[in-house]
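Hi,

Here is the structure I promised to pass on. Have a look at it first, and my notes on what turned up follow below.

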4 protein chains.
Amino acid sequence: MLKNGDLIFIYHEKSSFLVSFYDGISIETHKGRLIIKNPVEYGDIVYTNIMEPFIILRPTLSDLMMKVKRKTTIIYPKEAGLIILELGIQSGSKVIEIGTGSGSLTILLSNICGENGKVYSFERNEEHLKIAKKNIEKFCKFNNIEFFLKDPVNENGFGIHNIDSIFIDVPTPWELVDYAYNSLIGGGHIGFISPNIEQVQRTINKLENLNFTRIRCFEVLTRGIRVKKNLTRPFDRMVAHTGYLYFAEKSNIKSESNYIIDYNI
Amino acid sequence: MLKNGDLIFIYHEKSSFLVSFYDGISIETHKGRLIIKNPVEYGDIVYTNIMEPFIILRPTLSDLMMKVKRKTTIIYPKEAGLIILELGIQSGSKVIEIGTGSGSLTILLSNICGENGKVYSFERNEEHLKIAKKNIEKFCKFNNIEFFLKDPVNENGFGIHNIDSIFIDVPTPWELVDYAYNSLIGGGHIGFISPNIEQVQRTINKLENLNFTRIRCFEVLTRGIRVKKNLTRPFDRMVAHTGYLYFAEKSNIKSESNYIIDYNI
Amino acid sequence: MLKNGDLIFIYHEKSSFLVSFYDGISIETHKGRLIIKNPVEYGDIVYTNIMEPFIILRPTLSDLMMKVKRKTTIIYPKEAGLIILELGIQSGSKVIEIGTGSGSLTILLSNICGENGKVYSFERNEEHLKIAKKNIEKFCKFNNIEFFLKDPVNENGFGIHNIDSIFIDVPTPWELVDYAYNSLIGGGHIGFISPNIEQVQRTINKLENLNFTRIRCFEVLTRGIRVKKNLTRPFDRMVAHTGYLYFAEKSNIKSESNYIIDYNI
Amino acid sequence: MLKNGDLIFIYHEKSSFLVSFYDGISIETHKGRLIIKNPVEYGDIVYTNIMEPFIILRPTLSDLMMKVKRKTTIIYPKEAGLIILELGIQSGSKVIEIGTGSGSLTILLSNICGENGKVYSFERNEEHLKIAKKNIEKFCKFNNIEFFLKDPVNENGFGIHNIDSIFIDVPTPWELVDYAYNSLIGGGHIGFISPNIEQVQRTINKLENLNFTRIRCFEVLTRGIRVKKNLTRPFDRMVAHTGYLYFAEKSNIKSESNYIIDYNI
């Protein structure tokens, strides 16, 4: 039986909802009203008042990210997965994220870092932070996030040290490179997402000048495939671009070579 | 100062090594012999006997995956990130993986699940399992993996229940779908990677017939970008295909619609 | 000065028109009525009654293809260019096309083959053929197309021989492979576009059994790039799939090897 | 029966040759010596002295382009097809190409323009032009190309007018934009290929300032598909980048809006 507070992903081919369950919860769908009463289990099918079926699923991490209430663009799962891997984020990691935005990536970081890890999340826009906090309250089970309503550029840095990994998603990432350098542990990881190539160029130039090494940049494309008898083929349209992902590691002193690499993962 | 047993990623533009550090460790590189002695820190540059610089970095999760000793094909980071997100794997998750292969994905799962999580890993080839275990011994810090040297098809299933997520990477995935169904918790996640479309077709047909829902399939492409002053452009070549990724969730009863979705993440 | 009958591509960022010019032609746009009177030249800017500018351009071949009136899906320029190259179609070629559809590819073939070439175009749907003929009347300057309102499957083939190249775009292409074989010159080229992989599999199986050689299949993706100061990046979305393109050449006798090649062009 | 001078594409899965046939021609292959004697036809299989089969095919346009002897990078078929379509090149067109390079695109242009068309090809490197001329002598059947051994930048332009379409493939394309403007007919087409984004940015900036309109930029990717029973999938690797393609049309006066468009073909 579901317990109050359980996150449920209510799924229908045409629409889906991510909510905290409570006994008797009522949801307006495009196919009528859905009232969910115990006894009900994950995996069960429930019906609206016009008998349209919805399935009670457990949310994936992608679902958590995509279902945040948002006033900003968000990081998408196709990039988020590689961010985790390239920043070496795992159970117990200590990471800085800037900016919080709608909290989509924050939720992922929190769930991966777990109770022994820590997420420091910076946002300078008060309204965005408010929305992000609400999203996180709903979707996160770990109490491992600390928020900062401030702009590190004005505050002369993050004021936090010995951080394993830092992820930066702001319009002027080059302004944060030296603050990030100071906060990172030796050999630690930094990552960025930027939509425009000029942002990437300017930031990578800063990384090269500031003892970062193993600079790598790539883009990620995913394409859905329809697998149906005699009708198997990719879906018609796809996302062509969300942003360039780029990463580097902190070296203690400047190395001679500039180390921009053809990175194939 | 580095401690004995610390994992170090010794990086040079043209080659890199992932090893357990011990004081005085000696490595033969393409640019001479490298002897690393304390005091040395992550982020430091060390020199070979012919004065070629290498940097001591912390490995990313991608590095751990790519540096396993291997006798099999491995899961690549570009797919692994999305596997984590689509299977909802996080700190504390309980997951089944089959087959272990060289242990590349096992290492990732272990690092994400952490000390409160659990990874059950099945492999039927004894030699592969032996190599995988060695890789994991070197690269994993969590003691959360249980290995099984057996083929679930012959053993009539996994013999484990209430699992959050299952990932299957074998040549005949369709044979494991009903065993996976029995081991999964309601609403739990299943994922696959298969190189050939016929494998996908046959397995998805099985998923549809066996109460799995929200079936989605996609492929992931990454493309490296060279960011250099006046020479910015994608690198010349890229990986065109490793495998199709496909996922579904367990429904307790059969739903009427077949729920193959255009999944854009 | 433009002459009556000149094809003009009337271009505005938000909409465009391809028409035959005549002095005083009037066009309703989303930005008012446009009346075009001589003296006017290609390259001139003309204004609607609400002073919105449109430019008088010469149509590209892509424009001719995209501006046909259509009741069917059409071949897109991204595929059409490679069809021309892979089928070796050039000034003077003799080609068969089936089916005509809306005549989009027919127009291209006619313009490439020129006055010394010949295009035989088959269509079994009378209404489609009628529309195609109208499109071609408007857009083609060469008198080198012969239409056939018939289905070669029922007619026991094309009834035409010594053809350089054949292009087939029908739902059941495998039914036409042996007729195509009979119509092609030795060493001649055959090409197909099919949306579903099962169509490709079935047709390629037929090609292998019927003395076709050098079988190659690929897909084409194009991605638009926005080049703007400090805002340079790919556009957000792209076409993920229109169809698989596949080609082969006619061998006079069966060759032992099956010759499916990794074709990188 | 083949005639002396017939172009034959001698095909084997592992290697292929494009040569002018003469009776008794002898070719050294990786599988022994091949001597081809009449009577032989296009489509026939011939055998080397160790009985390895090769097939006598007609070359496609892609084959002509790929088989040139080269000292430069060449335009590839995946881009060349779209160049033809976007520049509106067809039977009878008058086009300028700069630079000639190895003559790969020149061959295509010549074959498409045909006997009523004209190709003006500029190259400033004497050795490249010599190689290109040899390639063209072998592969072209139309006598419609005029070569210029000169750099239009030094010569103050092309010295040719009323040209339908111009294609520019040089390292500093922005230097040629105003000369191209002068040579083009009103509403005529201009196209470029450049490997680096900075070249594109600089050239497009020039196009915007010089009355060119409808500026569009895109990249083309092709991916080979292996279609084999139970083993159908994309081939492992692909070309990730050759160059950015960009196009515009000549407007007689400057238009207000800058007209950079999301171009999806």
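**A strand pair in chain C**

In chain C, strands β1 (residues 7-12) and β6 (residues 53-57) pair in the antiparallel sense over three bridges. Across that pairing, C:Phe9 stands opposite C:Leu57 in β6(C). Before going further, a reminder that this is a predicted model.

The two strands belong to an open sheet of four, in the order β2-β1-β6-β5 (chain C), with antiparallel pairing. At the edges sit β2 (15-20) and β5 (45-47) of chain C, each of which pairs on one side only. From one strand to the next, the twist averages 30 degrees.

**How A and B go together**

Next I superposed two of the copies. A turn of 180 degrees, with a shift of 0.0 Å along the axis, lays chain A on chain B with an RMSD of 0.0 Å. That is the relation of a two-fold axis. Which residue of chain A comes closest to the rotation axis? It is A:Gly81, with its C-alpha at 1.8 Å.

The contact between these chains takes 78 residues from chain A and 79 residues from chain B. On the side of chain A that touches chain B, strand β12 (residues 212-226) of chain A gives the most, with twelve residues. By class, that side of chain A has 38 nonpolar, 24 polar and 16 charged residues. The copies meet through the same surface, because 100% of the interface residues of chain A are also interface residues in chain B.

The strands join up here too: β12(A) and strand β12 (residues 212-226) of chain B run antiparallel and are linked by seven bridges. One pair to click on is A:Thr222 with its bridge partner B:Val220 in β12(B).

**The core, and a cysteine in chain D**

The largest nonpolar core has 266 residues, and those with the most contacts inside it are A:Leu245, B:Leu245, C:Leu245 and D:Leu245. Taking the chain C copy, and not counting residues up to four places away in sequence, C:Leu245 touches several residues, among them C:Leu82, C:Ile83, C:Ile193 and C:Phe218.

Finally, D:Cys113 lies in helix α3 (residues 104-113) of chain D. Is D:Cys113 buried or exposed? It counts as buried because 27 other C-beta atoms lie within 10 Å, and the cut-off is 20 or more. D:Gln90 is 23 residues away from D:Cys113 in sequence, yet their C-alpha atoms are 5.4 Å apart in space. Leaving aside neighbours within four places in sequence, the contacts of D:Cys113 include D:Val95, D:Val119 and D:Asn144, as well as C:Ser91 from chain C.

Cheers

Terms used. Residues are numbered from 1 along each chain as its sequence is written. Chains are lettered from A and ligands numbered from 1 in the order in which they are written. This is a predicted model: local features need pLDDT of at least 70, side-chain atom pairs count only at pLDDT 80 or more; totals for chains, interfaces and linings use all residues. Two strands pair if DSSP finds at least two bridges between them. Axes are lines fitted to C-alpha atoms, for helices over the stretch in contact, and angles run from 0 to 180 degrees between N-to-C directions. A residue is buried if 20 or more other C-beta atoms lie within 10 Å of its own, exposed if 12 or fewer, and partly exposed in between; C-beta atoms are placed from the backbone. Two residues are in contact if their C-beta atoms, placed from the backbone, lie within 7 Å. Copies are superposed by least squares on the C-alpha atoms of residues with pLDDT of at least 70 in both. A nonpolar core is a set of buried Ala, Val, Leu, Ile, Met, Phe, Trp, Tyr and Cys residues joined through C-beta atoms within 7 Å. Ala, Val, Leu, Ile, Met, Phe, Trp, Tyr, Cys and Pro count as nonpolar, Asp, Glu, Lys and Arg as charged, and the others, Gly among them, as polar.
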